[in-house]
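Colleague: Before I plan anything around this model, I'd like to go through the labels with you. Can you tell me what sits behind each one?

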Amino acid sequence: MKKLLILGFAVCCTWAVQARKTYTLASPDGRLRTTVAVGDSLTYDIVRDGRTLMEASPIALTLTDGRVWGPSARVQHVARTSVDEVIASPLYRSSEVRDRYNGLTLKMRGDWSVELRAYDDGVAYRFVTTAKEPFRVADEGAEYRFPEDYSVLVPYVAVGEDGNFESQWRNSFENTYSETSLSGLNPGRLAFLPLAVDLGEGLKLCFTETDLRDYPGMYLRNGDGGRHLSACFAPYPRRAEQGGHNNLQMLVCEREEYIARVDAPRTFPWRVAVVGTDVELAACDLSWLLAEPSRVEDTSWIRPGKVAWDWWNAWNISGVEFRAGVNTETYKYYIDFAAAKGIEYVILDEGWAVNGLADLMQVVPQLDLPEIIRYARQRGVGIILWAGYWAFDRDMERVCKHYSEMGVKGFKVDFMDRDDQLMTAFNHRAAAMAAEYGLLLDLHGTHKPAGLNRTWPNVLNFEGVHGLEQMKWSPEWVDQMKYDATIPFIRQVAGPMDYTQGAMRNASRGNYRPVDSEPMSQGTRCHQLALYVVLDSPLNMLCDSPTNYLREPECTEFIAAIPTVWDETRILDGRMGEYVVTARRKGSDWYVGGITDWTPRDVEVDLSFLGGTCEVVLLRDGANADRKASDYRRETLRIDTASPLKMHLAPGGGFVLRTNDKN
């Protein structure tokens, strides 16, 4: 009897080993590898240079009819591919991007597949279905397991009660980062993407997602104190009511027991794990590369640029004979300023349409909108209108048609504040409708870009960032300088951001305070200027008052000339949360910007890629910038790029330069 039991056990073990099949995929340079295991669960891991960074981690998709994609899958076909091509990206931070990866597709029994790609700087996977009959997704499982209790930089959802996820699904995706361990994550609080795990030995892993179309966005949490992260998703809205900010939102009152509806064959979002040093993370293009290619065939009408913005500075202008505010005279003043400085756009933010009605056809009587548009057109300035989400969605085509015919160039849509399936679908519908009528979009009050900026390149900016607007109300203990030195390595991995820099009132650490009507920045003047180079923003705001800019002609002329899309971007140096130095090229002109946290530091900037000697215009922190943050110095230098450029950055400081010529 014992022999029979032993034999039976051996047969079972042999069957289990045979049933669990593995497939290995390596990056083009061979350093990064993932092994996909198919058996009682579907798992993948991440190994770099022989070191396991992420252990075998299960992934799955559960349908409401009880089917589960992942466990006990049966592979019917295996396909491998290698790609190495250069893709034009004219509205991005580089005019072309290299797409180089090895791919693996496992076609499973049934109507689904899992597709993986290994790049030199990351691993990504997604589910694919060929199902012709509609179905519903009850949940998607993704559990990222680690060999050690690593440190994590996590952007928690900033609203709602701990443990009450329903109260957290509605959020604006704006928060600073908390540093903790995997096991120390707050089990009752959601974290939105991107999120970074510090693997030690100079490596980090940044999780994000892209090609997010008509599907809820991913959150991560740790519910049991283990060394892992688990995905969760907002359930599908069953019922919503108008409300929220000025009646401009749809507030979800009830949710379904599933997260998504699927009506046709489709690909699901890419789950992306970016692997590398801090500098490699900041240079990553995977969010753009893995997104669906552009649906706009002719992009020549899409005009990125800078915007003279009214809301942050509270329409505070001086030295005029009229009462400043939301009226025709004020906006003509903004238009004159923009025209004089070569700024492409002026935005009419909240207040131009009658509040509380959620009706964009009702313009306040203080504004002669046709006259404002005519006046701007004569001066080569475009007008962009702010729109609350529900006011835009409820009458989208009529609004787009009416205002495009009037001559408006685009909309800044705000207060979506969700990323369930209905809201991510709205972002794509809005982008498509705007493109049909030749309109730009700035999606404020929304989640990370997640590839939408490639699929619909008329969507130039996205918020989902703890930007400068927070300085109107954030208390003194909020560390915006550390945040600024962090987002190039995490948030910007997902794409461009509507940070809205450019403050001319600047404060050292001890002098900052929130002032809503006359706001100031934390950090130095040159920190603000450098953000125009450090951050990706194809539609870049000048947040301060035209009056303040006219009092600061050197700084204004400099930032007004900085491009907003680039032919080349290089991350020269940096450490997450401490400092970053970025170089960008437009044509033959190079711009270099660097920022630091509240720690003063000396950096050596390697400009050898410029070759030989060159003349540069440099704006740097002044000798007293640690006490008077607006102190700066402008100088023209001829430098030998064979030697590093030595720069001192004040606390919360920065520098920015542009080349004048190159020999």
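**What the labels rest on**

Modeller: Sure, and keep in mind that this is a predicted model. Let's start with E201, which is exposed at a relative accessible area of 72%.

Colleague: Why is E201 called exposed?

Modeller: Because its relative accessible area is 72% and exposed means over 50%, E201 gets that label. E201 belongs to the loop between β14 and β15 (203–210).

Colleague: And why is D214 called partly exposed?

Modeller: D214 comes out at 34%, and partly exposed covers what lies between under 20% and over 50%, so partly exposed is the label for D214. You'll find D214 in the loop between β15 and β16 (218–221).

Colleague: What makes the backbone of E201 and D214 worth flagging?

Modeller: Most residues other than glycine have a negative phi. E201 isn't a glycine, yet its phi is positive, about 55°. D214 isn't one either, and its phi is near 50°.

Colleague: How do you know that the peptide bond between L193 and P194 is cis?

Modeller: Omega there is about -5°, and the bond is cis. Most peptide bonds are trans. P194 sits in the loop between β13 (191–192) and β14 (195–200).

Colleague: On to the empty space. What makes something a cavity, and how many are there of 30 Å³ or more?

Modeller: In a cavity, a 1.4 Å probe fits but cannot get out. Four cavities of 30 Å³ or more turn up. The largest cavity holds about 110 Å³. It is lined by 14 residues, and L248, A353, V354, L360 and W386 are the closest to its centre. By class, that lining has eight nonpolar, four polar and two charged residues.

Colleague: What about the second largest cavity, how big is it and what lines it?

Modeller: Its volume is about 60 Å³. The lining includes Y92, R93, W288 and D536. Its classes are five nonpolar, four polar and three charged.

Colleague: Why is the 540 Å³ space called a pocket?

Modeller: Because a pocket is an open set of points, with protein on both sides, and the largest pocket is one such space, of about 540 Å³. Of its 23 lining residues, R98, D121, A283, C284 and D285 are the closest to the centre. Two or more lining residues come from each of β7 (96–108), α2 (278–282), α3 (286–289) and β32 (568–575).

Colleague: What classes of residue line the largest pocket?

Modeller: There are 11 charged, 10 nonpolar and two polar residues in that lining.

Note on methods: Residues are numbered from 1 along each chain as its sequence is written. This is a predicted model: local features need pLDDT of at least 70, side-chain atom pairs count only at pLDDT 80 or more; totals for chains, interfaces and linings use all residues. Side-chain values use heavy atoms; hydrogens and water are left out. Helices (H or I, at least four residues) and strands (E, at least two) are DSSP runs, numbered from the N terminus. Buried means under 20% relative accessible area, exposed over 50%, partly exposed in between (1.4 Å probe, protein chains only). On a 1 Å grid over the protein atoms alone, a cavity is a set of points where a 1.4 Å probe fits but cannot get out, and a pocket is an open set with protein on both sides within 12 Å along at least five of seven lines; lining residues have an atom within 4 Å of a point. Grid points are joined across faces, edges and corners, and a volume is the space filled by probe spheres set on the points. Ala, Val, Leu, Ile, Met, Phe, Trp, Tyr, Cys and Pro count as nonpolar, Asp, Glu, Lys and Arg as charged, and the others, Gly among them, as polar.
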